[in-house]
Amino acid sequence: MKPTAKDIGVGVLAGLAAALLSVGVITQSTLAMALLLFSPLPIFVAALGWGTAAGFIAALSMAIAVSVLAAPTAALIVVLITALPAAAAAYFTGLARPADEIGGPKDVYVWYPLADTLLRLALIVGASFIVIGVMIGFGEDLAGELAKSLGQQLAASNPELASNADVAQSMAEFVVRVLPALQPAVWMMVIVANLYLALRLTAASGKLRRPKDDWPRALRMPRPALVIFAVACAACFLPGGVGYAATAIAGALGAGFMMAGFAMLHARTRGAPWRPVALWFAYLAVMLFAFVLFLFLLAGLFDTSRNAPVSKAANTTPPSNDN
């Protein structure tokens, strides 16, 4: 179905809003960095509330606006890390088909599983950061230069490390090695958080057609993700660009499993009188000790291997015509 004038108008306005939230990062202020985290939200709202066409128009408008306000290279990066993942995730979230096509009852629609959306979003985010790495020439040479520069900065800022240059250099090399995994992982969680917020906002406004998902039970990775994650983790040890590319994929998928671990905690403590204490303790532990995130990653992997995620949402409301 061709987009209407209203869809185009909503998409353009959403794209401009997303662009403004993104380009402020040029100032490198704390507020601008915080606004950047919400840059996918207008695209999600446009797509979920007014249809996929509005979402892709918003993504295109965002790219054009950023290229005008900043530079074409910045526009390409924005498209890769914000516009494309948001538009794609909104597209999958808005997919539905009649249940009678798969042997179900009539006048009921089965919506695309949240777990499958999470897997595809992780692959898109990982691939986006791989393309950005190719653009900036991130490889052994650049990684070595970054590690050397970071090692010098660590030695200059810490008197104890200044007397032991080898330790500082080893720490810097470790940071540079995990950086290709850390960036996709963090941005993956940002995208999913914006998707959740957009679903709540459009549902509150009455524009959302998709039925409410039970996120604590539905936010899981599908079992095929286990194989992809294992292959990516093994390939991380390969030298050169292949290893860095695999690290990016592993980081994005790892964030998905980590969020699944948190969702499992929310689901398993549901109805328990000690639930608030358990949740507060878990999130406080994550803030104080980063290694706790690894425990949630293991929990997500374990839960995915044992249980199939709640993957179907159905209701009698048909999806929008352009989804």
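Phe262 is buried in this predicted model, with a relative accessibility of 12%, and its aromatic partner Phe296 is likewise counted as buried, at 11%. The centres of the two rings, those of Phe262 and Phe296, lie 3.9 Å apart and their planes meet at 10°, and because planes under 30 degrees apart count as stacked, this pair is a stacked one. Phe262 belongs to helix α12 (residues 240-268) while Phe296 belongs to helix α14 (residues 292-306), so the pair ties together parts that are 34 residues apart in sequence.

Helix α12 itself deserves a closer look. Helix α12 is made of 29 residues and spans 42 Å from its first C-alpha to its last, which is close to the 42 Å expected at 1.5 Å a residue. Of these 29 residues, 24 are buried, so α12 is largely enclosed by the rest of the structure.

**A second aromatic pair**

How many aromatic pairs does the count come to? The count comes to seven aromatic pairs. One of them joins Phe92 and Tyr112, whose ring centres are 5.4 Å apart and whose planes stand at 25°, so this pair too is stacked. Phe92 sits in helix α5 (residues 72-93), whereas Tyr112 sits in the loop between β2 (109-111) and α6 (114-136), so the pair ties together parts that are 20 residues apart in sequence. Phe92 is buried, having a relative accessible area of 17%, and Tyr112 also counts as buried, at 18% relative accessibility. Together with Tyr91, the residues Phe92 and Tyr112 form one aromatic cluster.

A residue of helix α6, Thr117, brings these two rings into view again. Thr117 counts as buried, at 3% relative accessibility, and, when residues up to four places away in sequence are not counted, Thr117 touches Ala89, Phe92, Thr93 and Tyr112. Both Phe92 and Tyr112, the members of the stacked pair, are therefore among the residues that Thr117 touches.

**Salt bridges**

Side chains of opposite charge can pair when their charged atoms come close. A search of the whole structure finds four salt bridges, and the table gives some of them.

| Salt bridge | N to O distance |
|---|---|
| Asp213 and Arg210 | 2.7 Å |
| Arg270 and Asp214 | 2.8 Å |
| Arg268 and Asp303 | 3.2 Å |

In the bridge between Asp213 and Arg210, both residues are buried. The bridge between Arg270 and Asp214 links distant parts of the chain, since Arg270 is in the loop between α12 and α13 (275-288) and Asp214 is in the loop between α9 (165-205) and α10 (215-218), 56 residues apart. Arg270 counts as partly exposed, at 41% relative accessibility, and Asp214 is partly exposed as well, with a relative accessible area of 31%.

Are the residues of the remaining bridge in the table, that of Arg268 and Asp303, buried or exposed? Arg268 is exposed, with a relative accessible area of 53%, whereas Asp303 is buried, with a relative accessible area of 4%. Arg268 lies in helix α12 and Asp303 in helix α14, so this pair ties together parts that are 35 residues apart in sequence. Helices α12 and α14 are thus joined by this salt bridge and also by the stacked rings of Phe262 and Phe296. The bridge is part of a network, in which Arg220, Arg268 and Asp303 are linked by salt bridges.

**The chain as a whole**

The protein chain contains 14 helices and three strands, and of its 323 residues, 47% count as buried. Among the contacts in the chain with a separation of 6 or more, 75% are between residues 24 or more positions apart. The chain exposes about 16,400 Å², and carbon and sulfur atoms supply 70% of this area.

Confidence in the prediction varies along the chain. The mean pLDDT of the protein chain is 81, and 77% of its residues reach 70 or more. Which elements have the lowest and the highest mean pLDDT? Strand β3 (residues 313-315) has the lowest mean pLDDT among the elements, at 51, and helix α11 (residues 224-235) has the highest, at 94.

Key
Residues numbered from 1 in each chain as written. Predicted model: local features only at pLDDT ≥ 70, side-chain atom pairs only at ≥ 80, totals over all residues. Heavy atoms only, no water. Phe/Tyr/Trp six-rings, centres within 6.5 Å; stacked < 30°, edge-to-face > 60°. Helix = DSSP H or I, 4+ residues; strand = E, 2+ residues; numbered from the N terminus. Buried < 20%, exposed > 50% of the residue type's maximum accessible area, 1.4 Å probe, protein only. Salt bridge = Lys/Arg side-chain N within 4 Å of Asp/Glu carboxyl O. Contact = heavy atoms within 4.5 Å. pLDDT = per-residue confidence, 0-100. Expected span 1.5 Å × (residues − 1). Areas by Shrake-Rupley, 256 points an atom, 1.4 Å probe, with all protein chains shown as cover.
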